[in-house]
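User: Please take a close look at a single part of the model shown here. I should like one connected account of its setting and its contacts.

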Amino acid sequence: MAALDLLGRRWTLRVIWELHRRPAPIGFRDLRRHCDAMSSSVLSTRLAELREAGIAGRTPEGAWQLTPLGTDLVTAMGPLLDWSRTWAETRAGADQGH
């Protein structure tokens, strides 16, 4: 339940996704830029929560990246991503039929 609570917080999955998408660690400002309308304070809070949970961490230079545990989380969410793509295609087809 603790994991679902953390992942269910607003913007948490987006932060994880953006960290996953980057081939290298990313600085706070660049990460915020990729997270659209997220405020600095919310991003800071989410990163602190993810760090405390062992999902994200900082490099010695201060950039952010997923930890091995965070990478495992993204892998575990793969079936959900597959389902969401199917769902989106189904929804798009339903919208075109109306």
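Analyst: The account below follows one helix, its packing partner and the loop beyond.

The model is predicted, so local features require pLDDT of at least 70 and side-chain atom pairs count only at pLDDT 80 or more, whereas totals for chains, interfaces and linings use all residues. Residues are numbered from 1 along each chain as its sequence is written, and side-chain values use heavy atoms, with hydrogens and water left out.

Helix α2 spans residues 12-21 and includes T12; a helix here is a DSSP run of H or I with at least four residues, numbered from the N terminus. T12 is buried at 0% relative accessible area, where buried means under 20%, exposed over 50% and partly exposed in between, with a 1.4 Å probe and protein chains only. Beyond residues up to four places away in sequence, T12 touches L6, L7, R46 and L50, contact meaning heavy atoms within 4.5 Å.

The partner helix is α4 (residues 40-52), whose axis lies 10 Å from that of α2 at an angle of about 75°. The two are therefore roughly perpendicular, a term for angles of 65 to 115 degrees. On the α2 side, T12, V15, I16 and L19 meet L43, R46, L47 and L50 of α4. By class, this contact has 6 nonpolar, 1 polar and 1 charged residues.

E18, also in α2, is buried at 2%. Apart from neighbours within four places in sequence, E18 contacts L31, H34 and C35.

In the loop between α2 and α3 (28-34) lies A24, which is partly exposed at 42% relative accessibility. A24 and W64 are 40 residues apart in sequence, with a C-alpha to C-alpha distance of 8.8 Å.

Methods
Axes fitted to C-alpha atoms, helices over the stretch in contact; angles between N-to-C directions. Parallel < 35°, antiparallel > 145°, perpendicular 65-115°, else oblique. Nonpolar A, V, L, I, M, F, W, Y, C, P; charged D, E, K, R; others polar.
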